[in-house]
Amino acid sequence: EAYLRRIEQVDPQIRSYLTVTADLALQQAQEADKKLASGEKSPLLGIPMALKDIISTKGIKTTCGSKMLENYIPPYDATVYEKLCAAGCVLLGKLNMDEFAMGSSTENSAYGPTKNPWDLTTVPGGSSGGSASAVAAGEAAFTLGSDTGGSVRQPAALCGVVGLKPTYGRVSRYGLVAFASSLDQIGPITRTVEDLADVLQVIAGYDPKDSTSVPIDVPQYGDALSEDIRGIRIGVPKEYFVEGMEPGVERAVREAIDKLGSLGAKIVDISLPSTDYALATYYIIAPAEASSNLSRYTGVEYGHRAPDAEDIIDMYMKTREEGFGPEVKRRIMLGTYVLSAGYYDAYYLKAQKVRTIIKSEFDAAFKECDVIATPTSPTVAFKLGSKLQDPLSMYLSDLFTIPANMAGIPGLSIPCGFSDDLPVGLQLLGKAFDESTLLKVGYAYQ
Ligand code: GLN
């Protein structure tokens, strides 16, 4: 009830929520109450949370921030939601996002932008801007987002909260509406690293319904939370401190790395030479996969259907013209182009080769260090509208987060101070399936 009141109070300004499931929340809370009374114990029992509107919830609208899915009600639950329900969580509602998770500011939502609770004239980041702002404004105890190129970590950084992109394959994508399937991963957003460990514990693990989920054991993440990080080697890649990044961001991140050093970690200089190519490579691979994934929105099986079409081709065309926003159309065109006969080898195949090089550079770097520390985003929260006319400057927001998706490795963003009174995020990257070490370093820092 307190969370629902809080949503009523602040969400008219912030607009994190697309749907509030008040009745369901109260009913789930009562069930949790009963379980608590009967002595059942589990860390998430009765905890009120909310989900990015790209995660399928049976009987509850799942719009993906798109007009295309304005009235779409999924007939099944995503595995992560099923697991959270089994753990006793309470669903407060579904959260705003850039359309089909394409964007870095939540301004590409067909339902209007979300505001950053720290300064209502700035963006919360994106595409999981609703998920990050809801946690920052106390509108949910924790949320889930999805991260294809930074969409959990960048908004977490801009809203001053904790966000994790798990290793690709660690968390089931079953019921996550697909953007770029080889990069997409669901991740939690919380206030503290401790909370994050509890949420990850519930959602992680093999799922036979997702052929890319990996059948390996899930450790006890709580066991990793010790303050002793003596001897842990933290690599600082020079390519992540580039010209053009905000001086206040660089200062806060360097201070955070110094603090880790004073806690006993060993700071080592490393190099990831292909970092420069990650962004360009991403904007070939992600749109290519998106153009294929989004071909399902024809107006036939589900979602919007143009009412006055003359024949089936006309129906496809009108439906897609009306249902998709400008950024989604831009990605579909880009993706179709790089996959077309004659350009496939020059763009798509080349991009896949660069992706392999990026991954192998991380593999080599992790021989010299256990964790890599970088800024999460080159800037703090920017003004609403300031990057809307210039897609390329918006794409640059994910300069530092995209490489982890390309390599499939986990990335954690934790708050590390302020620049111009707005929060800065420290990004910690780890070896595949070694979320524990990230949580350990993050916990010691916090
Ligand atoms: N901002 C990036 C994009 O627009 C990443 C989005 C994401 O991680 N979903 O593609």
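**View 1. Val441 and the residues it touches in this predicted model.** Skip the residues up to four places away in sequence, and Val441 touches Ile229, Ile232, Leu260, Val371 and Leu428. Val441 itself sits in helix H14, which covers residues 435–445. Is Val441 buried or exposed? Val441 has 26 C-beta neighbours inside 10 Å, and the cut-off for buried is 20 or more, so Val441 counts as buried. Also look for Leu412: Val441 and Leu412 are 29 residues apart along the chain, and their C-alpha atoms are separated by 10.0 Å.

**View 2. The largest nonpolar core, with Ala140 as a way in.** This core has 124 residues. Which residues have the most contacts inside it? They are Met49, Ile55, Val80, Val90, Leu92, Ala140 and Val371. Helix H8 (residues 275–293) supplies the largest share of the core, with 8 residues. Now zoom in on Ala140: leaving out residues up to four places away in sequence, Ala140 touches Tyr3, Pro48, Met49, Ala50, Leu92, Ala134 and Val135. Val371, by the way, is also one of the residues that Val441 touches.

**View 3. Strand S4, covered on both faces.** Strand S4 takes in residues 142–147, and 6 of its 6 residues are buried. In a regular strand, side chains alternate between the two faces of the sheet. On one side of S4 you'll find Phe142, Leu144 and Ser146, and on the other Thr143, Gly145 and Asp147, all of them buried.

**View 4. The strands that pair with S4.** Strand S2 (residues 48–52) runs parallel to S4, and 3 bridges join the two. To spot this pairing, find Leu51, which stands opposite Leu144 in S4. Strand S6 (residues 185–190) pairs with S4 in the antiparallel sense, over 5 bridges. Here the pair to look for is Asp147 and its bridge partner in S6, Gln185.

**View 5. Three residues annotated as "active site".** An unreviewed UniProt entry puts this label on Lys52, Ser127 and Ser151. The three are spread over 100 residues of sequence, yet they cluster in space, with a largest C-alpha distance of 10.9 Å. Start with Lys52, which is in strand S2. Lys52 counts as buried because 32 C-beta neighbours lie inside 10 Å. Beyond its neighbours within four places in sequence, the contacts of Lys52 include Ser128, Gly130 and Ser131, plus Leu144, Gly145 and Ser146. Those last names may ring a bell: Leu144, Gly145 and Ser146 appear among the buried residues of S4.

**View 6. Ser127 and its unusual peptide bond.** Ser127 lies in the loop between strand S3 (90–95) and helix H4 (129–136). Most peptide bonds are trans. What kind of peptide bond joins Gly126 and Ser127? A cis one, with omega at about 10°. Ser127 is buried, because 34 other C-beta atoms lie within 10 Å. Not counting residues up to four places away in sequence, Ser127 touches several others, among them Ala101, Met102, Gly103 and Ser151. Ser151 is one of the other residues in the UniProt annotation.

**View 7. The shell around the ligand.** How many residues surround the ligand? There are 13, and the closest are Ala101, Ser104, Thr148, Gly149 and Ser151. By character, the shell splits into 4 nonpolar, 7 polar and 2 charged residues.

**View 8. Two residues with a positive phi, Phe100 and Asp421.** Most residues other than glycine have a negative phi. Phe100 has a positive phi of about 50°, and phi of Asp421 is near 65°. Phe100 is in the loop between S3 and H4, whereas Asp421 is in the loop between strand S10 (411–419) and strand S11 (422–430). Why does one count as buried and the other as exposed? Phe100 is buried because it has 28 C-beta neighbours inside 10 Å, while Asp421 is exposed because it has 9.

**View 9. Glu322, a partly exposed residue in helix H9.** Helix H9 spans residues 312–323. Glu322 has 14 other C-beta atoms within 10 Å, so it is partly exposed. Apart from residues up to four places away in sequence, Glu322 touches His304 and Ala306. Glu322 and His304 are 18 residues apart in sequence and 8.4 Å apart in space, going from C-alpha to C-alpha.

How values were computed. Residues are numbered from 1 along each chain as its sequence is written. This is a predicted model: local features need pLDDT of at least 70, side-chain atom pairs count only at pLDDT 80 or more; totals for chains, interfaces and linings use all residues. A residue is near a molecule or strand if its C-beta atom, placed from the backbone, lies within 6 Å of it. Ala, Val, Leu, Ile, Met, Phe, Trp, Tyr, Cys and Pro count as nonpolar, Asp, Glu, Lys and Arg as charged, and the others, Gly among them, as polar. A nonpolar core is a set of buried Ala, Val, Leu, Ile, Met, Phe, Trp, Tyr and Cys residues joined through C-beta atoms within 7 Å. A residue is buried if 20 or more other C-beta atoms lie within 10 Å of its own, exposed if 12 or fewer, and partly exposed in between; C-beta atoms are placed from the backbone. Helices (H or I, at least four residues) and strands (E, at least two) are DSSP runs, numbered from the N terminus. Two residues are in contact if their C-beta atoms, placed from the backbone, lie within 7 Å. Two strands pair if DSSP finds at least two bridges between them. UniProt positions are given in the numbering used here, feature names are shortened, and annotations may be inferred rather than shown by experiment.
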